[in-house]
Each structure stands twice: as C-alpha cells, then as structure tokens.
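Got the viewer open? Let's take a walk through this one, selection by selection.

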Amino acid sequence: MTNPLSGTQATGAPALSIVLVHGAFVDGSGWQQVHGELVGRGFEVLVAQHPTTSLEGDVATIERLIASACHPVLLVGHSYGGAVITEAGANPKVKSLAYIAAFVPDVGESVAALNEAPEEPGETKAPLLAPQDGYLVVDPGRFPEAFAADVDPATTRFMAAAQLPWGLAAVIAPLTHAAWKTKPSFYLVASADRMVPPSAQRRMARRAAATITEIDSSHAVMMSHPRDVAAFIAAAAVSTISGAGQ
C-alpha cells in the first residue's frame, strides 16, 4: 500500500510527540531540517543522541526521551535506528513506529542477521571496512556515494570524516521485543539506497504489515529530501492520532 507524502497535525486532535532516532555512523544532526519542518507543523519533536555502542544502551537513551515527552509518542528510526525503535517501542507510551530506510528485526533477530540476506541484481550493501577494536565504519572513500549520493559532496565528505563508529555489540544484539507486531507501523523505502538494499527494505516493511511509501533517494533521505520525510512522518502521526480517536 502506498501512502501519499502528505500530512499535517489535525486541529483539535489529541497531541502526539515525535522522537527521531538516528542510525549508525551519524548522529542526530542529520535530522535538523526534518526537525524544523515538524516543529513548524505543531509537533513536539525530540532528537536522540545515542552512541550506537550497544543496543541496550541505545534503547535506554530512547526510553529517557519517551519518558520526557509531553504526549504519547511516535518513534521514528533511520537505518540501525529501526532496530532501536523496534525494541524501545514496547513502551506503552509509544503508539506507533515509522521506519525510514531502516532495519526492522523480529524477536531474536539482529541487524547483522538481517544484513546477511542477499541483495538483488543492481543493488549494493554498505561498503564497510573490517572491524577494528570492536567497531565498524564505512570506507571513507566510498561513503559519499554509498550513504548520501544525492547530498552536497562537501557535506558528505565531512560526514565520511566525522563518522560515529558502530559497535559490534549493537550490530549482533538480538531483539527481545518487536513492537511492530502490536502497534501501527509506517515505512519509507529509499529506492536508490546503496547501504540497505531497497528489496530488503520492502521485505521487512511487508513483514511488519507497515503502510509503505517509496521515494527515489539515497540512504540519507532525511537530508536529501527533508520536506518529504517530514510530510511522511506527519502523515504517520495524523494516522496514529486518527486511529487513537476511533
């Protein structure tokens, strides 16, 4: 099912807070433009800054944000952040989940296990260097084309140099909860992604029975198409609010 890239917070509807959860190799600053768009639509928006060292630690960071939110929560996860929100989404304050070019594990699955699935012809996976001291990074020379081919090259070169190393403990950790089994989910597929194959994104989204939208974008969709991403999140929020009111 395709959902239009539209949505605004309904006047007089129950309020909803949005928590933005970044993925591996980057931090919360990538959400800057999306944050501004959503705040402009009237939402309370909280941005996670988690170290991506361990899944347990990252979930604990999100739990603190959920607790501080003024309203029921829509969790939004990009890439590895999808695993984080899948686990943290078991919190009863969380009403729905929105995945953006993200991993969507089941109970007992890890991101590493999901990434083992073969890509389809013409697709690529993240060009990771061999682990060092328990951490992964993307090959800096290939980072711009793999992570953010449609973002300004000067920005992507800096992102490559400023990578946040991804802890293997987070990569291999199996999930103990899968919130998408009991809560509404929405998925934005980045059809030009060279980090997480689009075919894998569609497969995970279908398994989660998510409402699916597609956009022609690199993995860094929140940076290359911030208005579209904000509209997708806002539409998910409106759907969540409407469902809560039924």
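Where does Q163 sit? Select it and you'll find yourself in the loop between helix 6 and strand 6, the latter covering 166–167. This is a predicted model, by the way, so color by confidence if you like: the average pLDDT is 93, and 93% of the residues score at least 70. The stretch to distrust is residues 1–6, where pLDDT is below 50. That stretch still has 16 contacts in the model beyond its near neighbours in sequence.

**Stay on Q163**

Is Q163 buried or exposed? Its relative accessibility is 12%; the cut-off for buried is under 20%, so Q163 counts as buried. Show what surrounds it: leaving aside neighbours within four places in sequence, Q163 is in contact with F25, V137, V138, P140 and F143. Then look back along the chain to A160, whose backbone oxygen lies 3.1 Å from a polar atom of the Q163 side chain.

**Next, the sheet**

Switch to cartoon and pick out the strands. Six of them form an open sheet with parallel pairing, and the order across it is 2-1-3-4-7-8. At the edges stand strand 2 (44–47) and strand 8 (211–215); each has a single partner strand, so one side of each is left without a neighbour in the sheet. Follow the sheet across and you'll see a twist that averages 20° from one strand to the next.

Now zoom in on residues 73–78 and 94–100. These are strand 3 and strand 4, running parallel and joined by 6 bridges. For a landmark here, select G77: the residue opposite in strand 4 is Y99.

**Over to a helix pair**

Select 55–68 and 81–88, which are helix 2 and helix 3. How do you sum up a pair like this? Two packed helices are described by the angle between their axes and the distance between the axes. Here the angle is about 65° and the axes are 9 Å apart. The crossing is right-handed. To see who meets whom, turn on side chains: helix 2 brings L55, D58, V59, I62, E63 and I66, while helix 3 brings A83, V84, E87 and A88.

**D150 and its company**

Jump to D150, in the loop between helix 5 (143–148) and helix 6 (153–161). With 34% relative accessibility, D150 counts as partly exposed. Which residues does D150 touch, not counting those up to four places away in sequence? The list is S217, S218, S224 and H225. Put a distance label on the S224 pair: a polar contact of 3.3 Å joins the two side chains. While you're there, draw a C-alpha to C-alpha line from D150 to I215; the two are 65 residues apart in sequence and 12 Å apart in space.

**Last stop: two positive phi values**

Finish with a pair of backbone oddities. T52 has a phi near 55°, a positive value in a residue other than glycine. D133 has a positive phi of about 55° too, and is not a glycine either. Where are they? T52 lies in the loop between strand 2 and helix 2, and D133 is in the loop between helix 4 (111–115) and strand 5 (135–136). Turn on the surface to check their settings: T52, at 0% relative accessibility, counts as buried, whereas D133, at 78%, counts as exposed.

Notes
Residues numbered from 1 in each chain as written. Predicted model: local features only at pLDDT ≥ 70, side-chain atom pairs only at ≥ 80, totals over all residues. Heavy atoms only, no water. pLDDT = per-residue confidence, 0-100. Contact = heavy atoms within 4.5 Å. Pairing = 2+ DSSP bridges. Helix = DSSP H or I, 4+ residues; strand = E, 2+ residues; numbered from the N terminus. Axes fitted to C-alpha atoms, helices over the stretch in contact; angles between N-to-C directions. Buried < 20%, exposed > 50% of the residue type's maximum accessible area, 1.4 Å probe, protein only. Polar contact = N/O pair within 3.5 Å; in protein donor to acceptor, adjacent residues only side chain to side chain. Left-handed = near helix turned anticlockwise from the far one by under 90°.
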